[in-house]
Amino acid sequence: MRFFSWLKPKERSLSRAKPVQRVLSYQCASLQGVGTRERQEDAYELLNAGDVTRIRDMGLLALVADGMGGMQNGSLASNMAIGLITADYELMDRNQPLEPQLAGSIDHACEEVYGELKGMGGSTVVACLLYDEKLYYAGAGDSF
């Protein structure tokens with residue numbers, strides 16, 4: 001495709017253009033539906049969504065935990081998983097590789113939920129971390 005200009009061309013400057021400074025911009029939202037069950041057993045968290053300074057320093061973390069509604073304690077399991085991963089996220093070392101830290105946080109949450117509920121409840125989980133213009137994700141269960 002060709003583009004034409006009917007205006008007189010501007011003279012080009014020989015100086016180099018200044019690099020464009022990037023400005024963080026994310027729009028986050030959540031939507032939940034109960035579906036056919038009587039209660040909501042899922043949980044989610046968006047950390048730092050409203051604070052660009054914290055996004056720059058720590059990243060933006062999005063979590064979704066889908067409590068297993070057919071099991072006892074699905075809601076408790078999903079909320080526990082969110083709380084544990086959130087706590088681990090605050091302690092992550094941003095100077096070290098984030099992939100194993102995020103995966104380790106998911107494993108930690110799985111172990112703690114199973115240990116607390118003795119197999120009488122469960123949840124899938126997906127975690128996405130946007131940090132330093134990279135996306136890291138990890139999960140457990142069929143939501144992943």
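Me: Two strands pair if DSSP finds at least two bridges between them. With that in hand, what order do the strands of the open sheet have?

Reply: Please keep in mind that this is a predicted model. Its open sheet has four strands in the order 1-2-3-4, and their pairing is antiparallel. Strand 1 (42-47) and strand 4 are the edge strands, since each of them pairs on one side only. Ignoring direction, neighbouring strands of this sheet are turned against each other by 5 degrees on average.

Me: How far can I trust the prediction, and over which residues is the pLDDT below 50?

Reply: The pLDDT is the predictor's confidence in each residue, on a scale from 0 to 100. For this protein the average is 84, and 80% of the residues score at least 70. Residues 1-8 are the stretch to read with care, for there the pLDDT is below 50, and beyond near neighbours in sequence this stretch has zero contacts in the model.

Me: In what order do the elements run from the N terminus on?

Reply: The protein has three helices and four strands, and from the N terminus on they follow one another as β-α-β-α-α-β-β. Among the contacts with a separation of 6 or more, 62% are between residues 24 or more positions apart.

Me: How many bridges join strand 2 to strand 3, and which residue of strand 3 stands opposite Val-64?

Reply: Strand 2 (residues 60-67) and strand 3 (residues 123-131) run antiparallel and are joined by eight bridges. Within this pair, Val-64 stands opposite Val-126, while Leu-63 has Ala-127 as its bridge partner in strand 3. On going from Leu-63 to Val-64, then, the partner goes from Ala-127 to Val-126.

Me: What happens where strand 3 turns into strand 4, and which phi does Asp-132 take there?

Reply: Strand 3 and strand 4 (residues 134-140) pair in the antiparallel sense over seven bridges, and one of the facing pairs is Tyr-131 with Lys-134. The hairpin has two residues between the strands, and in it Asp-132 takes a positive phi near 55 degrees, although Asp-132 is not a glycine. Asp-132 counts as exposed because its relative accessibility is 54%, and exposed means over 50%.

Me: Where does Asn-48 lie, and is Asn-48 buried or exposed?

Reply: Asn-48 lies in the loop between strand 1 and helix 1, and Asn-48 also has a positive phi, of about 75 degrees, without being a glycine. With a relative accessibility of 11%, Asn-48 counts as buried, the cut-off for buried being under 20%.

Me: How should I read the surroundings of a residue within a strand, for example Thr-124 in strand 3?

Reply: It helps to read accessibility and contacts together. Thr-124 has a relative accessibility of 5%, so this residue counts as buried. Leaving out residues up to four places away in sequence, Thr-124 touches Val-64, Ala-65, Asp-66, Met-68, Ala-140, Gly-141, Asp-142 and Ser-143.

Cys-128 lies in strand 3 as well, but at 26% relative accessibility Cys-128 counts as partly exposed. Cys-128 stands opposite Tyr-137 in strand 4, and its contacts, neighbours within four places in sequence left aside, are Leu-60, Leu-61, Ala-62, Leu-135, Tyr-136 and Tyr-137. From Cys-128 to Val-64 there are 64 residues in sequence and 9.0 Å in space, C-alpha to C-alpha.

Me: Which residues of helix 2 are buried, and against which elements do they pack?

Reply: An α-helix has 3.6 residues a turn, so residues three or four places apart point the same way. In helix 2 the buried residues are Gly-74, Ala-77, Ser-78, Met-80, Ala-81, Ile-82, Leu-84, Ile-85, Thr-86, Asp-88 and Tyr-89. They pack against strand 1, helix 1 (52-58), strand 2, helix 3 and strand 3. The length of helix 2 (residues 74-91) can be checked too: its 18 residues should span 26 Å at 1.5 Å a residue, and the end C-alpha atoms are 26 Å apart, which agrees.

Me: Which strands does helix 3 lie across?

Reply: Helix 3 (residues 98-117) lies across strand 2, strand 3 and strand 4, and runs at about 25 degrees to strand 4.

Me: Finally, what share of the residues is buried in the protein?

Reply: Of the 144 residues, 30% are buried. The accessible surface comes to about 10700 Å², and 53% of that surface belongs to carbon and sulfur atoms.

Technical notes. Residues numbered from 1 in each chain as written. Predicted model: local features only at pLDDT ≥ 70, side-chain atom pairs only at ≥ 80, totals over all residues. Heavy atoms only, no water. Contact = heavy atoms within 4.5 Å. Buried < 20%, exposed > 50% of the residue type's maximum accessible area, 1.4 Å probe, protein only. Areas by Shrake-Rupley, 256 points an atom, 1.4 Å probe, with all protein chains shown as cover. Axes fitted to C-alpha atoms, helices over the stretch in contact; angles between N-to-C directions. Expected span 1.5 Å × (residues − 1).
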